[in-house]
Amino acid sequence: MEIQMPIPYLSNEGNIYKYIEIKKPSGQVLADTRDAIDRTNEFNAMRVFVAGCTESIASENETITDSVAIKSMLGKISNKTLEYLSAMIMVDYYDGEDYIEGVYPCPRCGTSVVSEKSDADGVEIDTRDRITDLHVGFMEDIKDMQRTISFTPVELRSRKTVDEVSEVTLRMPTTNDYIKAFQQGGQNMIKIQFQVYGDCIIKANGVDVDDTWRRSYGYKLFATLTDFKKVFKEIGDWLNAYGLDPEVEKICRNQSCGKVFNAIINSSNFFASALQ
């Protein structure tokens, strides 16, 4: 089955790879993925999973079929694309049975809205959400692979200088960025985000930066932001415009409340269910 990737892969040679041919996972792929989860982290496990289910990745000029090259390329694509590919492979694996149960507390009154399949007096009621009903955002312009973010100036001190930075340009985070960050930051998601975004800085105040600068200042910059909430929302809005949108609309079942609100479905359980 050939599908389009939400965020294409841009190679160093300028080739834009948009399409990937996937297949259902074999028992060996599921076993390898389970082993990767136990030994490493979910991002590396998803890379192992998708690599084992990929036949080819194609641009207009080239089709990659070598398994080693495919696994390497999947580490360099956006994690949002990898999450989407994992979900689509699982939908195929379950032959379209892509239902997700969940419990979502109302933000106004706290009443739980339950999405489940149940039976009431012999009548089947199914309020579960489906992966294939979620909106999928596709990148239209390759220029959107980068985003410039402005913020309250941050002082970055070295032994000899003090630099004030008020703007950075980020490239799109990759699967490898998250794998590396998990290795360095453990399970602390805030530290992982600092590390990932710091490693994705390509310019500071409009000037190109290198790996030495990123190692010295990338994490530190995001860790010392005073307008942390605003900056992370702007980055999150940029990244979450692509791939699966996990937000679904819910209505509080408390008749005296009835609030309509958006909730985030736990799509990771859908991926993990095949590995149990």
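pLDDT is the predictor's confidence in each residue, on a scale from 0 to 100.

**Entry 1: confidence**

I am working with a predicted model, so I looked up the confidence before anything else. The protein chain averages a pLDDT of 93, and 97% of the residues score at least 70. Where is confidence lowest in the protein chain? I found that spot in helix H9, residues 267-272, with a mean of 68. Strand S14, residues 201-204, has the highest value, at 98. A note to myself: where pLDDT is low, predicted coordinates should not be read in detail.

**Entry 2: the sheet at the start of the chain**

Next I traced an open sheet of four strands, and I read its order as S1-S2-S3-S4 with antiparallel pairing. Which strands are at the edges? They are S1 (2-10) and S4 (63-64), each of which pairs on one side only. I then followed S2 (residues 16-22) and S3 (residues 54-59), which pair in the antiparallel sense over five bridges. Tyr 19 stands opposite Ala 58 of S3. Helix H3 lies across S1, S2, S3 and S4, and I noted that it runs at about 65° to S3.

**Entry 3: H2 against H3**

H3 also has a helix partner, so to speak, in H2. I looked up the axes of H2 (residues 42-52) and H3 (residues 67-76): they come within 9 Å and cross at roughly 140°. That angle makes H2 oblique to H3, and the crossing is right-handed. Which residues meet here? From H2 I listed Arg 47, Val 50 and Ala 51, and from H3 Lys 71, Leu 74 and Gly 75. Sorted by class, this contact has three nonpolar, one polar and two charged residues.

**Entry 4: the strands around S14**

Back to S14, the strand with the highest confidence. I found S13 (residues 162-171) pairing with S14 in the antiparallel sense over three bridges. Thr 169 stands opposite Lys 203 of S14. S14 also pairs with S15 (residues 207-208), again in the antiparallel sense, over two bridges. Here Lys 203 stands opposite Asp 208 of S15. How many residues lie between S14 and S15 in their hairpin? I counted two, and Asn 205 in the turn has a positive phi of about 55°.

**Entry 5: H5 against H6**

I moved on to H5 (residues 175-185) and H6, whose axes come within 9 Å and cross at roughly 135°. This makes H5 oblique to H6, and H5 passes H6 in a right-handed crossing. Among the contact residues I noted Tyr 178, Ala 181 and Phe 182 of H5, with Ile 192, Val 196 and Tyr 197 of H6 included on the other side. The class tally for this contact is seven nonpolar, three polar and three charged residues.

**Entry 6: H6 against H8**

H6 (residues 189-199) has a contact with H8 (residues 228-239) too, so I looked at that pair last. Their axes come within 13 Å and cross at roughly 70°. Why do I call H6 roughly perpendicular to H8? Angles of 65 to 115 degrees count as roughly perpendicular, and the crossing angle of roughly 70° therefore makes H6 roughly perpendicular to H8. The crossing is left-handed. Gln 193, Phe 194 and Tyr 197 of H6 make the contact with Phe 228, Phe 232, Ile 235 and Leu 239 of H8. By class I have six nonpolar, one polar and no charged residues in it.

Terms used:
Residues are numbered from 1 along each chain as its sequence is written. This is a predicted model: local features need pLDDT of at least 70, side-chain atom pairs count only at pLDDT 80 or more; totals for chains, interfaces and linings use all residues. Side-chain values use heavy atoms; hydrogens and water are left out. Axes are lines fitted to C-alpha atoms, for helices over the stretch in contact, and angles run from 0 to 180 degrees between N-to-C directions. Angles under 35 degrees count as roughly parallel, over 145 as roughly antiparallel, 65 to 115 as roughly perpendicular and the rest as oblique. A crossing is left-handed if the near helix is turned anticlockwise from the far one by less than a right angle, and right-handed if clockwise. Contact means heavy atoms within 4.5 Å. Ala, Val, Leu, Ile, Met, Phe, Trp, Tyr, Cys and Pro count as nonpolar, Asp, Glu, Lys and Arg as charged, and the others, Gly among them, as polar. Two strands pair if DSSP finds at least two bridges between them.
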